[in-house]
Each structure stands twice: as structure tokens, then as C-alpha cells.
Amino acid sequence: MYNFTYDIGTVVHFGKGQIEKLPEAVLQYGKKALLCYGGGSIKKNGIYDAVTQGFSQAGIQWVELSGIDPNPRVTSVAEGAKLCRDNDVEVVVAVGGGSTIDCAKAIACATFYQGDPWDLITQKAPITKALPVLSVLTLSATGSEMDCGGVISNLETNDKIGFGAPILRPKVSILDPEYTFSVSKYQTAAGTADIISHILEVYFSRETDFYLNDRLCEALLKTAMHFGRIAVEEPQNYVARANLMWTSSLAINDLISYGKGCAWSCHPMEHELSAFFDITHGVGLAILTPAWMEYILSDVTVDKFVEYGVNVFDLRSEGKDRYDVAREAIDATRQVFVEMGIPTRLSEVGIARESLSAMAQKVDLPDAYVPLGPSDVLKIYEMCF
């Protein structure tokens with residue numbers, strides 16, 4: 001286990017009615033806020049009223065940036081940063097899922113940068129200063145409520161790129177599982193697939209002898225798979241929503257990756273799919289993951305897949321061929337996504353076969369669990385068609 005410093009830096013208020021803690025949390029950082037949200041669902045389910053009434057009662061002034069897209073655009077980042085500068089905003093409050101929080105993080109640092117915000121995303125310019133970010137989570141998926149990164153899209157260049165810095169980790173996050181009751185079956189399933197993928201990206205690593213990390217991963221995987229399927233069928237099941245929400249945070253807040261080197265595989269491949277075709281991120285991951293597993297299965301990786309199958313799906317391995325157990329584990333993974341109603345083919349979500357090569361050429365993963373070049377990525381894409 002490598003050296004690390006453990007400092008999450010996010011205060012989490014988890015449970016019913018915790019929105020009442022938001023005004024006090026905001027006031028720790030200022031009285032002028034930028035309120036970020038997406039397509040307006042928070043106005044239908046009452047969350048907007050709860051937030052703004054709290055602001056008014058606490059004497060907090062705010063300006064709003066609405067309409068943040070599911071794959072947040074750099075254009076929204078630029079618009080939000082200008083609002084912050086023009087209104088002397090002191091704190092950014094994101095109400096929504098990971099896309100809204102990601103956008104808020106980018107706005108927080110772009111506020112102090114006079115150039116094109118895309119420079120910060122592409123690391124042409126360093127992230128050195130940022131407004132404090134607070135979040136109110138409404139979708140269990142990306143884990144942005146407790147991590148220090150995000151993903152922003154540029155439609156002009158067909159790029160979707162991750163960015164991050166320690167100062168971007170939210171200072172405070174409100175996690176009320178009831179706020180996810182109105183999430184559709186499709187988005188619940190897609191969010192669960194994203195959570196599962198976050199964990200798998202860490203679990204399948206070249207590093208060995210990380211017993212605790214891997215056992216934590218397996219517990220989180222079992223929890224996400226179990227309660228994700230329940231939440232899809234019973235959207236107002238508080239126990240399912242609560243377990244899914246907390247798993248979402250723990251999956252990517254560095255807990256399972258501390259001390260372990262992790263280069264991701266499926267996320268970079270999926271980013272090209274949603275950069276070119278603006279598909280739902282979690283759906284793309286669910287389609288890619290089983291194919292990626294099949295592609296990398298070899299004498300080098302088979303034992304890890306057996307471990308995965310035995311410890312996550314309770315498969316029996318005694319007296320069985322290792323490859324048979326590994327393939328059972330891969331089939332079981334695919335079945336989780338099928339049971340949640342997620343499409344299984346790229347053709348089902350509008351991906352054009354003639355674009356596969358162009359997308360694959362933008363993905364080179366020499367440090368991944370199994371190194372993948374553009375030709376490998378193209379083969380995985382084709383397996384998903």
C-alpha cells in the first residue's frame with residue numbers, strides 16, 4: 001500500500017430534511033451565491049422552493065444558472081463564471097446530479113480565469129483558485145458530491161474531458177435520499193451503472209495485495225447491484241435509495257483507491273461515445289463494461305475475474321475451470337444491467353457504426369489494467385454493436 005494523506009474535506013449532511021442545514025453552511029462562505037441546476041425538475045418536486053426559501057430567510061442573495069445539460073457544456077461554464085464575476089458571487093451551490101455539480105466545480109475555478117474556461121479543462125492553464133462549492137444531490141451516480149473532479153463537454157471539438165483539483169471538492173453536501181424518489185427508472189438504472197463502473201475501475205487494477213481495498217469494492221458492488229435493482233422497481237423505497245446514494249459517494253471519494261494505483265478503462269472509452277453522440281453516460285458504461293471484460297480476459301486476468309465472481313456473485317469455483325467461472329461472472333455483470341432495463345447494444349442508443357473508428361482513435365490507454373490502444377478500443381466498440 002502506497003503512502004497517502006486521508007483528508008476528504010467534505011461535510012456530509014445525510015438523511016431526511018437535511019436541506020435545513022444548507023443556509024447555515026452557505027453562510028460559512030458568504031452571502032452571495034450562484035444557484036446552479038438543470039432542466040427544472042427541482043421546481044416540480046419542491047427542492048427549488050426549499051432551497052430558495054432557506055436562502056431568503058437567512059439573508060442570502062443569489063443569482064441563477066439553469067438549464068445545465070446532462071453532459072455539461074463548457075459554454076455553461078463560461079456563462080456561470082461571468083455571472084459570478086458580474087455579481088460578486090462568493091459561493092457556488094449546485095442542486096442536481098453529477099452533471100450540475102461538475103459544471104459548478106468548473107465555474108468555481110473559471111471565475112478566477114480570464115481566458116477560455118476550456119483551458120482549465122484541458123490543463124493548458126492550472127487550476128489555482130476556486131470559489132467554494134456546495135451541493136444538494138438529486139441523483140445517485142457520479143459521486144461528484146464528495147470528489148474533487150468532474151467532466152465537461154465541448155460540442156465544437158467532440159471532446160468530453162475530465163478535470164480536477166483538490167480545491168474543487170465540495171465543502172458541504174446535502175444527501176437526502178427522498179430527493180431521488182422522483183428519478184425515472186431509466187436514470188436510476190443509468191446512475192447505478194455509473195456507480196458500479198466507478199468501483200470496477202478501481203477493483204480491476206495491476207496492483208496486487210490490496211486486500212482491504214478489494215473487499216471494500218466488493219461490498220460496494222454488491223450493495224449497488226442489489227439496491228439499484230430494487231430502486232428501479234420501487235422508486236420510493238427509502239432503504240434502497242439511501243443505500244444507493246451512500247454507495248455512490250463512497251465509490252469515488254478516494255476511500256477505495258487510497259494507496260492503490262488506478263488507471264481507468266471503460267470511462268475514457270465511454271467519454272467518446274457521449275462526446276460524439278450525447279448519450280447517457282451510465283448507459284454507455286453498461287454497454288461497454290461486459291464487452292471490455294470479455295476482451296481483456298486472459299491467463300493474466302482470469303484469476304481476478306474468478307475472485308470477482310466468487311466474492312460478488314457468490315459463484316462456486318471448486319472443481320470448475322477458471323475460465324468458466326470468469327465467463328459466468330461476466331455474464332452475471334451483463335445480467336445486472338439487463339434486469340435494470342438498460343440497452344445492451346450501441347445501435348440501440350443511436351451510435352453510428354461509421355463513427356466508431358473516429359471515436360476509437362481518440363482513446364489510448366497504455367496504463368490501464370490491460371493496456372488498450374485505439375485498435376483495441378475499436379474492437380471493443382464493434383463487440384458492442
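# Exercises on helix α12, salt bridges and empty spaces

In helix α12, the residues V302, K304, F305, V306, Y308, G309, V312 and F313 are buried. The structure is a predicted model, and the exercises below start from this helix.

**Exercise 1.** Describe the span of α12, the elements that its buried residues pack against, and the backbone just after the helix.

*Solution.* Begin with the length: α12 has twelve residues and reaches 16 Å from its first C-alpha to its last, which is close to the 16 Å expected at 1.5 Å a residue. Next, turn to the surroundings, where the buried residues of α12 pack against α7 (185–203), α8, α11 (281–296) and α13. Finally, look just past the helix, where D314 takes a positive phi of about 60°.

**Exercise 2.** Find the salt-bridge partner of D314, and decide whether each of the two residues is buried, partly exposed or exposed.

*Solution.* The first step is the partner: the side chains of D314 and K222 meet in a salt bridge, with 3.4 Å from N to O. K222 lies in helix α8 (residues 211–233) and D314 in the loop between α12 (302–313) and α13 (322–339), so the pair ties together parts that are 92 residues apart in sequence. The second step is accessibility, for which the limits are under 20% for buried and over 50% for exposed. K222, with a relative accessible area of 34%, is therefore partly exposed, whereas D314, at 56%, is exposed.

A further set of salt bridges shares partners, and these join D214, R215, E218, K260, K304 and E307 into one network.

**Exercise 3.** Work out where K105 and D147 lie, how far apart their closest N and O atoms are, and whether the two residues are buried or exposed.

*Solution.* Start with the distance: K105 forms a salt bridge with D147, and the closest N and O atoms are 2.5 Å apart. This pair links distant parts of the chain, since K105 belongs to helix α5 (residues 98–110) while D147 belongs to the loop between β5 (133–137) and β6 (149–154), 42 residues apart. Then compare each accessibility with the limit of under 20% for buried: K105 has 0% and therefore counts as buried, and D147 has 9% and therefore counts as buried.

**Exercise 4.** Treat the pair D254 and R169 in the manner of the previous exercise, and then state how many salt bridges the model holds.

*Solution.* The side chains of D254 and R169 form a salt bridge at 2.8 Å, N to O. D254 sits in the loop between α9 (238–250) and α10 (266–277), and R169 in the loop between β7 (159–164) and β8 (172–175), so that distant parts of the chain, 85 residues apart, are linked. As for accessibility, D254 is partly exposed at 22%, while R169 is buried at 9%. The count for the model comes to 19 salt bridges.

**Exercise 5.** Describe the second largest pocket and the largest cavity by volume and lining.

*Solution.* Take the pocket to begin with: the second largest pocket has a volume of about 220 Å³. Of the 13 residues that line this pocket, the closest to its centre are S205, E207, T208, K304 and Y369, and its lining divides into four nonpolar, three polar and six charged residues. Turning to enclosed space, the count comes to one cavity of 30 Å³ or more, and the largest cavity has a volume of about 40 Å³. This cavity is lined by L139, S140, T180, V183, T188, R241 and L244, which by class are three nonpolar, three polar and one charged.

Notes:
Residues are numbered from 1 along each chain as its sequence is written. This is a predicted model: local features need pLDDT of at least 70, side-chain atom pairs count only at pLDDT 80 or more; totals for chains, interfaces and linings use all residues. Side-chain values use heavy atoms; hydrogens and water are left out. A salt bridge is a side-chain nitrogen of Lys or Arg within 4 Å of a carboxyl oxygen of Asp or Glu. Helices (H or I, at least four residues) and strands (E, at least two) are DSSP runs, numbered from the N terminus. Buried means under 20% relative accessible area, exposed over 50%, partly exposed in between (1.4 Å probe, protein chains only). On a 1 Å grid over the protein atoms alone, a cavity is a set of points where a 1.4 Å probe fits but cannot get out, and a pocket is an open set with protein on both sides within 12 Å along at least five of seven lines; lining residues have an atom within 4 Å of a point. Grid points are joined across faces, edges and corners, and a volume is the space filled by probe spheres set on the points. Ala, Val, Leu, Ile, Met, Phe, Trp, Tyr, Cys and Pro count as nonpolar, Asp, Glu, Lys and Arg as charged, and the others, Gly among them, as polar. The expected span of a helix is 1.5 Å times one less than its number of residues. Contact means heavy atoms within 4.5 Å.
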